[in-house]
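Trainee: I am new to this structure and would like to look closely at a single part of it. Could you take me through that part slowly, once we have it in front of us?

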2 protein chains.
Amino acid sequence: MKERVALVDVSARDGFQDEPSFVATADKVGVAAALHAAGVEHVEITSFVHPRWVPQLADADVLVPILPRGPRYSVLTMNVRGVERAVAAFAAGGFKPGSWDAIFVTSASPRHALANNNRTIEETLENFDGVAALAKRQGIALRGALACAFVSPWPQDERVDRDEVVRIVRRFATGGVNGVTLADTVGFADPRTVAQTVAGVRDATGIPQSLHLHDAHGYALANVYAGLEAGVRSFEGALAGLGGCPWAPGAPGNLDLERLNRFLVDCGCETGVDPAKLAVARDRVRAALAVAVPIVREQEAARR
Amino acid sequence: MKERVALVDVSARDGFQDEPSFVATADKVGVAAALHAAGVEHVEITSFVHPRWVPQLADADVLVPILPRGPRYSVLTMNVRGVERAVAAFAAGGFKPGSWDAIFVTSASPRHALANNNRTIEETLENFDGVAALAKRQGIALRGALACAFVSPWPQDERVDRDEVVRIVRRFATGGVNGVTLADTVGFADPRTVAQTVAGVRDATGIPQSLHLHDAHGYALANVYAGLEAGVRSFEGALAGLGGCPWAPGAPGNLDLERLNRFLVDCGCETGVDPAKLAVARDRVRAALAVAVPIVREQEAARR
């Protein structure tokens, strides 16, 4: 009996977000369709954050209503306003509440929380309480995501505290999330740390975990294996190894989704993904990027 | 308490063996000295095989006597004649019996055994019995090495049988080896297979294991982690990621020793190796290769 492991594609969100160009809305729809054709069942498609911060994803409100049916979509949010926009967009597309996931993001690195969310960890968790109440009222499926869950982007200056990670995930659990994503945002994690953190979260909360790994030192597959052996059955990646994090210095691309799929299959897992069609989806991503429109930031525009 | 893990450098043997040039004997001595300075305690320095097959290592008999003191050296052998040559060479250098290791190599892939040793697995094991008797008589320290211990170089055509691997290691144990090296000769192994094979050998024999990994699919570090968690405390690698296997199609370089060291340290292990001095040793290897003399094979020479 092979273990079933889910792949989560984050190309359109974490991938495109870090590009210097805006990928056309129709191309994002095309990527989602290609992922669905390849058998990828979970697609993190966009973020509902202010377009000033992430102009690459400024089309979230118009993209979501026209997404092709098939995958379970998730979208990133950071506050009540973001969830409200997501709810409106999915409703406009005829997606029922509960058929998609609102992901609430915070960070286990105090400094990264400030840089990424402009708030302390505790302030983001107060935001989370409001989001959780809204999700409960409206029957919205909620996930938690924790950036820098293993190592700080500034490992010389700060350590990520495993007890703090467990505390945040407990708070997510209290808020009714259906799962949590632990992210190695900069790709500095080692498999022992991953194994210990995953086991700590598992033993304290029992919540289904997904791992979001980057590959700064080439440790990502070792970290996948550590997670797999600790019971994780969901892993995230991006096509063409796209992505990074604009607020974490030196963050490299996401774990490549095709490498991830091959590795999991070689480890004896079943992903339900067709490698040849996944390659087609990767080419679709590349084609979308090839015709993407360079983004001119406000400051630069003002200077012209 | 950090776990102590041993690094084994195979640059001069597995690395140089696959180069199209002959590295000067004095440069091999220089590499060994640089490895010693970096804190590498185990150096696989050469092979005592017929120079026709491996002209790169044709200087084994003159190299060994002038090796610098410090590391524990090992040399590859495939039969009694090879061990006799090794014994003579180490004796000429004043190395006491038992202070160095004769490694007897066979393969768990029947087809690779024929290609690499020109013998069936059973025929190589009969050779081993003769070598073991000689080693016992003369107080020579003997190690076993098993190529293709996890996956065949021709995975479509043949499977490596875990019971056969255990059987071969048992035969090594009966012959009095002080340890066994399991090699992923082509780098196709996945960490689950590594974990299961290591555990099988451990439970059947209790013999100290060393892992020799190549990195065809980028799985080598995941395989290191799998071995580490299964109790392996010795790992092999080559500087500058050199190496391959001339008789296994598509075999890529060895796991890079510097990456291996960094990974083990990041996993919380202690290797006793100084990374800066290891970089010096890597540069010493590169310098040696830069002035190596192109090898003209007999067939080519005959054509001239």
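Trainee: By what turn, and with what shift along the axis, can chain B be laid on chain A?

Mentor: Please keep in mind from the start that this is a predicted model. Chain B can be laid on chain A by a turn of 180° and a shift of 0.0 Å along the axis, and the RMSD is then 0.0 Å. The two copies are thus related as by a two-fold rotation axis. Within chain B, the C-alpha nearest that axis belongs to B:A222, which lies 1.9 Å from it.

With the axis in mind, we can turn to the place where the chains touch, where 14 residues of chain B are in contact with 14 residues of chain A. On the side of chain B that touches chain A, at least two residues each are supplied by α8 (191-205), α9 (220-229) and α10 (257-266) of chain B, and the largest share, 4 residues, comes from α9(B). Sorted by class, this side of chain B has 8 nonpolar, 2 polar and 4 charged residues. Because 100% of the interface residues of chain B are also interface residues in chain A, the copies meet through the same surface.

From the interface we can move to the packing within chain B, where helix α2 (residues 25-38) and helix α11 (residues 275-290) pack at an angle of about 170°, their axes being 8 Å apart. That angle makes α2(B) roughly antiparallel to α11(B). On the α2(B) side the residues of this contact include B:G30, B:V31 and B:A34, while those on the α11(B) side include B:A281, B:R284 and B:V285. Taken by class, the residues of the contact of α2(B) with α11(B) divide into 10 nonpolar, 1 polar and 3 charged.

There is also a nonpolar core to consider, the largest one, with 186 residues, among which A:L146 and B:L146 touch the most other members. Leaving aside residues up to four places away in sequence, B:L146 touches ten residues by name, B:T106, B:S107, B:A108, B:V165, B:I168, B:V169, B:V180, B:T181, B:L182 and B:A183.

Finally, a leucine in chain A is worth a look beside these: A:L134 is found in helix α6 (residues 121-138) of chain A. A:L134 is partly exposed, with 16 other C-beta atoms within 10 Å. Not counting residues up to four places away in sequence, A:L134 touches A:V80 and A:V83; A:V83 is 51 residues from A:L134 in sequence, yet the two are 8.3 Å apart in space, C-alpha to C-alpha.

Note on methods. Residues are numbered from 1 along each chain as its sequence is written. Chains are lettered from A and ligands numbered from 1 in the order in which they are written. This is a predicted model: local features need pLDDT of at least 70, side-chain atom pairs count only at pLDDT 80 or more; totals for chains, interfaces and linings use all residues. Axes are lines fitted to C-alpha atoms, for helices over the stretch in contact, and angles run from 0 to 180 degrees between N-to-C directions. Angles under 35 degrees count as roughly parallel, over 145 as roughly antiparallel, 65 to 115 as roughly perpendicular and the rest as oblique. Two residues are in contact if their C-beta atoms, placed from the backbone, lie within 7 Å. Ala, Val, Leu, Ile, Met, Phe, Trp, Tyr, Cys and Pro count as nonpolar, Asp, Glu, Lys and Arg as charged, and the others, Gly among them, as polar. A nonpolar core is a set of buried Ala, Val, Leu, Ile, Met, Phe, Trp, Tyr and Cys residues joined through C-beta atoms within 7 Å. A residue is buried if 20 or more other C-beta atoms lie within 10 Å of its own, exposed if 12 or fewer, and partly exposed in between; C-beta atoms are placed from the backbone. Copies are superposed by least squares on the C-alpha atoms of residues with pLDDT of at least 70 in both.
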